[in-house]
Amino acid sequence: IDTILCLDGTEVIAACMASELNKAGYMNINQNQDICVVTPERTVGSQLIFRENTAPMIAGKNVLILMASVTTGYTAKSAIETVAYYGGKTVGIASIFATLDQLGGLPVRRLFNPNDLPGYASYDGVDCPWCRAGQRLDAIVNSFGYSKL
């Protein structure tokens, strides 16, 4: 791993990972070399981009995508496409929570899965039984925290 691409506010976790991966005892192709930790920018349409100062951390690099959660895979897929666009190679996806075992031929490594959260459910808006019944949301939870509605 040359670069850890951070999504969902995972920069501190990535810094700790980079430090651990450089320690003796880990099989790492770039042992004792720097591992870049980078966060992409998002456009108004949520497209991921890198500027001139961060694009070299992706181009020609083996990139690990680190996320807080992978549920539908939409954001992770976008990150894989962005890494490829900037000339990098995604070598893995890691997350704290994930519902997917793999995405785009890559395994999704996770700490927790739906079996760890009794009653967990995820639906597209058109398939959500509560949406169909007109039930309003109590709150939204995302990487910024809990927002009561």
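**Two pockets to look for**

Strand S5 (62-70), helix H2 (74-85) and strand S9 (139-142) are good places to start, since each of them supplies at least two residues of the lining of the largest pocket. Keep in mind as you look around that this is a predicted model.

So how big is that pocket? Its volume comes to about 500 Å³. There are 18 residues lining the largest pocket, and if you want to find its centre, head for Asp8, Ser69, Thr71, Val141 and Asn142, which are the closest to it. Among the elements, S5 has the largest share of this lining, with 4 residues. As for the chemistry, the lining of the largest pocket is a mix of 9 nonpolar and 8 polar residues, plus 1 charged.

Now move on to the second largest pocket, with a volume of about 390 Å³. Here you can tick off the lining one name at a time: Ala121, Ser122, Tyr123, Asp124, Gly125, Cys128, Trp130, Cys131, Leu137, Ala139, Ile140 and Val141. Which elements each supply at least two residues of this lining? They are helix H3 (129-132) and S9. S9 gives the most, with 3 residues. By type, the lining of the second largest pocket splits into 9 nonpolar, 2 polar and 1 charged.

One strand is worth a second look. S9 supplies at least two residues to the lining of the largest pocket, and it also gives the most to the lining of the second largest one. Val141 turns up twice as well: it is among the residues closest to the centre of the largest pocket, and it is part of the lining of the second largest pocket.

Terms used:
Residues are numbered from 1 along each chain as its sequence is written. This is a predicted model: local features need pLDDT of at least 70, side-chain atom pairs count only at pLDDT 80 or more; totals for chains, interfaces and linings use all residues. Side-chain values use heavy atoms; hydrogens and water are left out. On a 1 Å grid over the protein atoms alone, a cavity is a set of points where a 1.4 Å probe fits but cannot get out, and a pocket is an open set with protein on both sides within 12 Å along at least five of seven lines; lining residues have an atom within 4 Å of a point. Grid points are joined across faces, edges and corners, and a volume is the space filled by probe spheres set on the points. Ala, Val, Leu, Ile, Met, Phe, Trp, Tyr, Cys and Pro count as nonpolar, Asp, Glu, Lys and Arg as charged, and the others, Gly among them, as polar.
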